Amino acid sequence: MGTTIPYENPLRPPATNSPRATLNGFMDSMNEAYQLITEAEEQSKQEGGLWHSKAVKEKGQEAEWALRRAVDTLNLQGIPPINRSDIGTENALMLKEVLDRLQLPKANTLPNARDVESQELKRWEIPGTEIAIELVEDGFNQSEFLFSPGTIKRIKGFYELIERRPYYESNSWRTSPDFYRFYITTPGHLLPPKWNTWLPQWTNQLIQGQTIWQWCSLGLITLVALSSILGVAFLLRRYINTTDDLTKAWLGLLVPTFTLWVAGSWEFFMDESINITGDLLNILLKVSTVIQGIVLAWLAFLMFNAIAWVVIYNMPADNKSLEAVIARNAIRILGFMSGLAIFYFTSREIGIAVGPIIASFGVSSIAIGLGVKPYIENIVGGLTLFLNRPMEIGDFCELGGVTGTVEDIGLRSTLIRTVDRKLIYVPNTVVSTSQIVNHSQRDKYTFERIISLSYDSAHEKLAETMENLRTMLAQNPKLSEERISLGSLSNEVIDIDLFTYILTRDSDEATEIQEEIMLKIDEVLDFTGAQVVALSLVE
């Protein structure tokens, strides 16, 4: 079976090997697009119905291809990628309006490829104008003659100067009357949908470059977009507070994901359906791209945060303290780096040169260093804590002048819950440089007391009392290295020094054992009849 070759090849590039080829190609492509759209609209009116027929859509597509060939004769290398297509289309339409009002030289008098070679021609201007066609010497369009970037930048100014002048009729060049106004006042990209004919005539009045119906439609879709995002965020917030941390982390992805979808839909309707044009379109596209970049960076961070919670929940039950903090913060750093990468590509998309900004860091390094230094020190302090592991989540510590339970160790600060239930954020640079007393990591507690006895009640049975105390301590399996010694002796008071280790890491259990020892001491002294004058801690 043979293959059917289409009548019109959409990939066919314009001829741009000389100023004559470029200008002829531009004018012919624009006139072809204008003729096809005019025929498509007339045919659609005759057919009736609510939708364009297949034949009408095909003509509209052929018109798009012709317009694209005309745009390809413009040097758009300096235009940001985000709005290059829209700016190219509008500039091509305005350039055609300008050229249609000029007395152009005859086509056969323009420099052709032979003239370019013989004269070593690199630039040609339309006589009596500053509209230039230049040779591109590097880049994707190398060796092509295109309308120069300087011309592209000034097309709008040229159009505003000449738009009120009549079209110039010529045997060499055909005109496409009001093609630009048709484009900017109708919905859709080039072939407007049929509902365009239902709009009242007064709504096509231009205000600041947009029609009344375009302003109203833009306000409506913006209101719908914002209401949708706020509504979803409100409903999700009410539900998310009742879930655990893992579920909350994954549900948190819904708002930025939905926001991205709404922003993309809003941009599509604004650009492709309502067909906002001109400076307003450029501003809205940049704002939309910045918002989408920020939300995408936020989504990337939340995604890595959710992955961190999955890692934490899949850790063994006895390994969810500092290791969990390390995993969470390490993955969050990856999320932060992803956000920076998204910022970089978003900046390039809207035409912000990130290279000079990064280079300027070297010039202003002192000022930046002074401002960023505390943050860097805190992060380094946090990494030091992760590596040295002087404490874990849940440990009872004294650090930086604060005593309490460690509730979280972040990259910038450590969260301490004090005994009176206050939350204190201690910067990691303070934590890493201060003395840390970790009561929870002690292997045992000390019990050291001075028992002051009345001389009259204890001196006769002093040896027996001390022996009974030694026996009492030795019988407790939770004690070790018991020592009972005579501290001082006078006519009024006998001091007995008591020391032992309590074999536990748990502070609550140590407190219970201390109470038990105190009660046993009271029993021993009561048995021997010794009277306690004071029972004090060793300073």
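**Helix packing, nonpolar cores and a four-stranded sheet**

In the predicted model, helix H2 (residues 54-71) packs against helix H3 (residues 84-100) at an angle of about 90°, and the axes of the two helices lie 9 Å apart. Because angles of 65 to 115 degrees are classed in this way, H2 is described as roughly perpendicular to H3. The contact is formed by Leu67, Arg68 and Val71 on the H2 side, which meet Ser85, Gly88, Thr89 and Ala92 of H3. Sorted by class, the contact of H2 with H3 comprises 3 nonpolar, 3 polar and 1 charged residues.

Another arrangement is found for helix H7 (residues 212-240) and helix H9 (residues 254-273), whose axes come within 10 Å and cross at roughly 170°. Since an angle over 145 degrees is classed as roughly antiparallel, this description applies to H7 and H9. In this pair, H7 contributes residues including Leu218, Ile221, Ala225, Ile229 and Leu236, while those of H9 include Leu254, Phe258, Val262, Trp266 and Phe269. By class, 14 nonpolar and 3 polar residues make up the contact of H7 with H9, and no charged residues take part.

Nonpolar side chains tend to be buried together in soluble globular proteins. In this model, the largest nonpolar core holds 48 residues, of which Leu23, Phe26, Met30, Leu95, Leu99, Ile131 and Phe147 touch the most other members. At least two residues of this core are supplied by each of helix H1 (19-47), H2, H3, strand S3 (145-147), helix H5 (149-162) and helix H6 (179-185), and the most come from H1, which gives 8 residues. When residues up to four places away in sequence are not counted, Phe147 touches, among others, Leu23, Phe26, Leu95, Ile131 and Ile152, and also Thr22, Thr73 and Asn75. A second, separate core has 23 residues, including Leu462, Leu469, Leu473 and Ile494.

Helix H6 also contains Ile184, which counts as buried because its relative accessibility is 7%, where the cut-off for burial is under 20%. Its contacts, leaving aside neighbours within four places in sequence, are Leu206, Gln214, Asn275 and Thr277. Of these contacts, Asn275 lies 91 residues from Ile184 along the chain, yet the C-alpha atoms of Ile184 and Asn275 are separated by 6.9 Å.

Further along the chain, an open sheet of 4 strands is arranged in the order S12-S13-S11-S14 with antiparallel pairing. Strand S12 (479-489) and strand S14 (532-537) form the edges of this sheet, each pairing on one side only, and neighbouring strands are turned by 20° against each other on average, with direction ignored. Within the sheet, strand S11 (residues 445-454) and strand S13 (residues 493-502) pair in the antiparallel sense over 10 bridges, and Thr446 stands opposite Tyr501 in S13. The antiparallel strands S12 and S13 are joined by 8 bridges, with Asp495 in S13 as the bridge partner of Ser488; these two strands form a hairpin with 3 residues between them.

Two helices lie across strands of this sheet. Helix H16 (residues 462-474) lies across S11, S12 and S13 and runs at about 160° to S12, whereas helix H17 (residues 507-528) lies across S11, S12, S13 and S14 and runs at about 25° to S11.

Technical notes
Residues are numbered from 1 along each chain as its sequence is written. This is a predicted model: local features need pLDDT of at least 70, side-chain atom pairs count only at pLDDT 80 or more; totals for chains, interfaces and linings use all residues. Side-chain values use heavy atoms; hydrogens and water are left out. Two strands pair if DSSP finds at least two bridges between them. Axes are lines fitted to C-alpha atoms, for helices over the stretch in contact, and angles run from 0 to 180 degrees between N-to-C directions. Contact means heavy atoms within 4.5 Å. Angles under 35 degrees count as roughly parallel, over 145 as roughly antiparallel, 65 to 115 as roughly perpendicular and the rest as oblique. Ala, Val, Leu, Ile, Met, Phe, Trp, Tyr, Cys and Pro count as nonpolar, Asp, Glu, Lys and Arg as charged, and the others, Gly among them, as polar. A nonpolar core is a set of buried Ala, Val, Leu, Ile, Met, Phe, Trp, Tyr and Cys residues joined through side-chain atoms within 4.5 Å. Buried means under 20% relative accessible area, exposed over 50%, partly exposed in between (1.4 Å probe, protein chains only).
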